[in-house]
Amino acid sequence: MVIALSMLAAAQFFAGITFAAEPQVPVLWDAKERLPKPDLSALPRLRFLTTTDFPPFNFLDSAGKLSGFHVDLARAICAELGIAEKCQIQALPWGELDEALQKGEGEAIIAGIAATPETRTKYAFSRSYLQFPARFIMPKAKAFAEPILDKLRSKRVGVIAGSAHEKMLREYFGTVQVVPFDAPEALYGDLKSGKIDAAFGDGMRFAFWLGGTDAAGCCRFAGGPYLAPEYLGSGMAIATRAGDPALAAAMDYALQEISVKGTFAEFYLRYFPVSFF
């Protein structure tokens, strides 16, 4: 009975996702959808609040200048809304972002606040502009392509213990031998040495490792990407004050335009040269 339920859950999961043969730029917007262009001419200024310590999203470059994916995205949003001259970006410690927004010291937070039932009581959110899929990585010579479920049967798959990815792995890939690890370094070490057949986890973190010197070109993505909001959340969105849903909707318009015009793809490839999709 347990096996049957596991197979049903996996079938429902795989039926609801799209697989990419190779990592690619994520497209989260429907180009055919027409969102109304907002009129923000009465807006005195649009101040984005972010942080400085979350590379490659926000960081200080070698000249001490605020840079990163979120910084470029905020400027592009202002350009699409036709208010570039009113646009400001201010970096604060993470713990000060909410107070600054609620006190009117900014109009929007672009720093990865998760849209959850709890946070939706405090903020109005744009739609998600970036999601974080789960991925498998395997040694290059042994990496599987989709369909991957049967190929993984009885394989030893490492995952961080107690993580959402471990729960997801057990739920949707129940035929593998789950090997929990306490630290990413141990997980990567056993993958490189062949003690496990694959690793399962956050695609973005895996992408950084694959592109770094520690991986030494050993491995690649296998199958996927896998999006499961019930385990991994809905991704990154821009937060405005709860009483300002019109501004959040304006962000949606700008984000869709940025996607359709290819600007988002340009930013994504610039900051994530090893794509996690």
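Let's start small: strands β3 and β4 pair in the antiparallel sense, and two bridges hold that pairing. One contact to look for is phenylalanine 59, whose bridge partner in β4 is serine 67. Keep in mind as you click around that this is a predicted model.

Zoom out a little and the pair turns out to belong to an open sheet of three strands, ordered β2-β3-β4, with antiparallel pairing. At its edges sit β2 and β4 (66-67), each of which pairs on one side only. The stretch leading from β2 (53-54) to β3 (58-60) is a loop, and proline 56 sits in that loop. Have a look at the backbone there: the peptide bond joining proline 55 and proline 56 is cis, with omega at about 5°.

Further along the chain comes another sheet. Which order do its strands take? Reading across, it goes β10-β9-β11-β8-β12, an open sheet of five strands with mixed pairing. The edges here are β10 (177-181) and β12 (219-226), and each of these pairs on one side only. If you fit axes to the strands, neighbours in this sheet are turned by 30° against each other on average, ignoring direction.

Inside that sheet, β9 (residues 156-160) and β11 run parallel and are joined by two bridges. A handy pair for finding the register is glycine 158, which stands opposite alanine 199 in β11.

Over at the edge strand β12 there is a backbone feature worth a stop. Proline 225 lies in this strand, and the peptide bond between glycine 224 and proline 225 is cis, with omega of about 5°. So if you are checking omega values, two cis bonds to look up are the one joining proline 55 and proline 56 and the one joining glycine 224 and proline 225.

While you have the torsions open, try phi as well. Serine 154 has a phi near 70°, a positive value in a residue that isn't glycine. You'll find serine 154 in the loop between β8 (134-139) and β9. Is serine 154 buried, partly exposed or exposed? Its relative accessible area is 47%, and exposed would take over 50%, so serine 154 counts as partly exposed.

Alanine 216 is another non-glycine residue with positive phi, this time near 55°. The loop between α6 and β12 is where alanine 216 is found. With a relative accessible area of 63%, alanine 216 counts as exposed.

Now for the cysteines. A disulfide is a covalent bond between the sulfur atoms of two cysteines. How many disulfides does the model have? The count is two, and numbering the bonded cysteines in sequence order gives the pairing 1-2, 3-4.

Take the link between cysteine 78 and cysteine 87, where the sulfur atoms are 2.2 Å apart. The torsion about this S-S bond is 65°, and the link is right-handed. Both cysteine 78 and cysteine 87 are buried.

The other link joins cysteine 218 and cysteine 219, with the sulfur atoms 2.4 Å apart. Why is this disulfide left-handed? Because the torsion about the S-S bond of cysteine 218 and cysteine 219 is about -100°. The two partners also fall into separate exposure classes: cysteine 218, with a relative accessible area of 24%, is partly exposed, whereas cysteine 219, at 6%, is buried.

Last stop, the largest pocket. Its volume is about 540 Å³, and 25 residues line it. To find the centre, select Phe132, His165, Asp202, Met204 and Arg205, which lie nearest to it. Which elements each supply at least two residues of the lining? They are α4 (164-172), α5 (184-193), β11 (198-202), α6 (203-210) and α7 (229-232). That brings back β11, the strand that runs parallel to β9. As for chemistry, the lining of the largest pocket has 15 nonpolar, eight polar and two charged residues.

Key
Residues numbered from 1 in each chain as written. Predicted model: local features only at pLDDT ≥ 70, side-chain atom pairs only at ≥ 80, totals over all residues. Heavy atoms only, no water. 1 Å grid on protein atoms, 1.4 Å probe; cavity = no way out; pocket = protein on both sides within 12 Å on 5 of 7 lines; lining within 4 Å. Points joined across faces, edges and corners; volume = space filled by probe spheres on them. Helix = DSSP H or I, 4+ residues; strand = E, 2+ residues; numbered from the N terminus. Nonpolar A, V, L, I, M, F, W, Y, C, P; charged D, E, K, R; others polar. Disulfide = S-S within 2.5 Å. Buried < 20%, exposed > 50% of the residue type's maximum accessible area, 1.4 Å probe, protein only. Pairing = 2+ DSSP bridges. Axes fitted to C-alpha atoms, helices over the stretch in contact; angles between N-to-C directions.
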